[in-house]
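I opened the notebook to look at two things: how a pair of helices packs, and how a chain is built overall. My notes start below the structure.

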Amino acid sequence: MMNLLFASNGIDIGWGTTTAIKTAVVLGTIPAGALILGYVFLLKMMSHMQSRLGPMDPGGFHGWFQLVGDGMKFLQKEDIMPEDADKRVFAMAPIVVLISTFLVYVVIPVGPSLYVRDLNVGVFYALAVSSLSVIGVLMAGWASSSKFALLGALRAAAQLIAYELPLLLAVVGVVMQARTASLQGIVEAQHEGAIFGWDSIGLPFIFTQFIGFGLFMIAAQAELTQPPFDMPVAESELVSGYMVEYTGFRFLFFFMGEFGTAFAFSAIAATLFLGGWTLPGLDMDAEYMKIVGPIVLFTKIMLIAFLMFWARFTYPRFREDQLQKLAWKYLIPLSVINILVTAAFIVWI
Amino acid sequence: MAFKLPGVIKGLTVPFRTMTQPTVTVQYPHEKEELAPRTRGVIALKEENCTACMLCSRSCPDWCIYIEGHKEKAPPRREGGKERLVNILDRFDIDYGLCMYCGICVEVCPFDALFWSPEFEYSEFKIAKLLHDKDVLGEWMETVPEVEPLEAGAVAPKGAK
């Protein structure tokens with residue numbers, strides 16, 4: 001907990017102040033994470049993958065200011081609401097999406113005592129809360145009084161519910177191996193684990209749960225409605241789906257929600273499969289981990305996000321029926337088999 | 001669903017390989033691209049070759065060439081000969097707001113008065129300034145490159161010495 005960090009330095013602060021600091025840090029992390037992912041991957045990596053440079057002028061160095069400028073532009077835009085829109089629901093929808101992103105960050109540990117809350121059902125809390133955004137998306141689609149928006153929202157709901165299952169089932173294997181659902185506990189289990197008695201790199205669960213990792217990445221991609229699973233926002237047929245009537249800062253909220261969630265999902269994947277904020281060879285309980293831990297986790301997040309965005313820029317969009325088929329006929333059976341095999345290994349080996 | 005895994009993975013390698021290679025982008029205002037030898041940038045006029053025959057103006061699909069001229073009497077070439085009539089060019093304008101850079105005027109000119117120049121940086125804030133008169137068109141003559149030598153084995157053009 002944060003107050004332990006300060007207490008160890010001889011500073012004693014109360015619960016209210018601690019909570020305020022944590023909230024501020026998480027509130028800052030969402031736009032910062034969204035900006036970093038957006039700039040590094042969406043603007044620069046995508047450009048280089050298409051043999052072009054991307055923005056080069058804003059900010060002086062390789063266009064690093066581009067997205068900040070875009071954000072400021074969104075703030076200046078007129079706030080347009082369709083005449084027939086359900087005004088209150090229309091205004092609330094982006095906030096609901098952003099709140100779901102915000103709540104995911106609550107359980108992600110970034111250091112030995114750096115987390116908002118270490119819940120004993122941490123993984124499932126994070127995945128459950130992340131699917132709250134479906135409600136925001138449905139609200140946005142329904143309140144916009146537009147056919148495109150409604151179709152987009154319906155597609156999003158169908159997709160997010162379908163891929164919620166493989167996402168959860170993929171995590172079950174990790175939880176069984178770690179024997180805890182607390183994210184901090186999973187980090188510890190990976191740091192202290194051993195591969196057949198060889199414990200110099202611990203046991204990052206990507207080695208034993210590589211099927212689970214693949215399933216998690218595919219399902220997370222679908223949860224984020226990123227290509228190739230971007231049917232809900234398919235520009236070529238639905239213009240931009242449930243966001244079609246949104247302008248200005250409300251649209252910015254959706255954008256931050258999308259990339260903030262991508263950052264959060266990368267963090268969860270890094271925690272579940274790559275050992276989170278620990279590095280093999282470093283002492284988990286040491287004081288310096290409070291500074292090294294976040295850096296290690298950030299590096300791992302960027303690694304996972306690279307995989308995510310790499311797939312995003314490579315594959316063309318699935319058709320709606322292919323999308324559903326992939327989830328129900330391939331991913332879910334595969335994740336159930338993965339659980340059974342993991343259980344068999346745990347019981348008999 | 002035919003789910004072909006090797007193709008899916010091969011697909012991932014293509015953008016990755018592209019990413020590791022240098023980009024093809026040229027940062028235009030900061031650096032300039034190397035232009036092709038026969039770039040169609042702007043049309044230059046060699047005024048002394050022009051006879052105001054109007055062929056270019058009449059063949060222009062956009063009607064963007066404006067020519068005015070008059071005839072003047074000139075002294076005879078030979079002693080005791082007849083006085084000659086010579087065409088004098090008063091106005092030769094090309095409206096680059098209309099021109100579509102087809103190059104028919106350059107092709108059709110029987111006296112080699114029009115040339116392609118690779119210069120392209122002559123945009124203006126006022127569209128009227130895109131009308132280049134014969135003085136401006138004459139200045140472009142300095143930027144016309146030398147004729148490229150023919151490739152080895154090429155058929156010699158008609159009338160070449």
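These entries cover a helix pair in chain A, then chain B as a whole.

**Entry 1: the model.** I noted that this is a predicted model.

**Entry 2: a helix pair in chain A.** I looked up helix 2 (residues 15–49) of chain A and helix 12 (residues 289–314) of chain A. They pack at an angle of about 45°, and their axes are 10 Å apart. That makes helix 2 of chain A oblique to helix 12 of chain A, because angles from 65 to 115 degrees would count as roughly perpendicular and those under 35 as roughly parallel. I also checked the hand: the crossing of these two helices is right-handed.

**Entry 3: who makes the contact.** From helix 2 of chain A I listed A:L37, A:F41, A:M45, A:M46 and A:M49. Helix 12 of chain A brings A:A305, A:F306, A:F309 and A:F313. Then I sorted the contact by class: 9 residues are nonpolar, and there are no polar and no charged ones.

**Entry 4: the make-up of chain B.** I found 4 helices and 5 strands in chain B. Along the sequence they follow the pattern α-β-α-β-β-α-β-β-α.

**Entry 5: is chain B spread out or compact?** Its radius of gyration is 25 Å, and the globule rule gives 15 Å for 161 residues, so chain B is more spread out than a compact globule. The C-alpha trace of chain B spans about 95 × 45 × 35 Å along its principal axes.

**Entry 6: burial and contacts in chain B.** Of the 161 residues in chain B, 12% are buried. I then took the contacts in chain B between residues at least 6 apart in sequence. Of these, 73% join residues at least 24 apart.

Terms used
Residues numbered from 1 in each chain as written. Chains lettered and ligands numbered in written order. Predicted model: local features only at pLDDT ≥ 70, side-chain atom pairs only at ≥ 80, totals over all residues. Axes fitted to C-alpha atoms, helices over the stretch in contact; angles between N-to-C directions. Parallel < 35°, antiparallel > 145°, perpendicular 65-115°, else oblique. Left-handed = near helix turned anticlockwise from the far one by under 90°. Contact = placed C-beta atoms within 7 Å. Nonpolar A, V, L, I, M, F, W, Y, C, P; charged D, E, K, R; others polar. Rg over C-alpha atoms; globule rule 2.2 N^0.38 Å. Buried ≥ 20, exposed ≤ 12 C-beta atoms within 10 Å, placed from the backbone.
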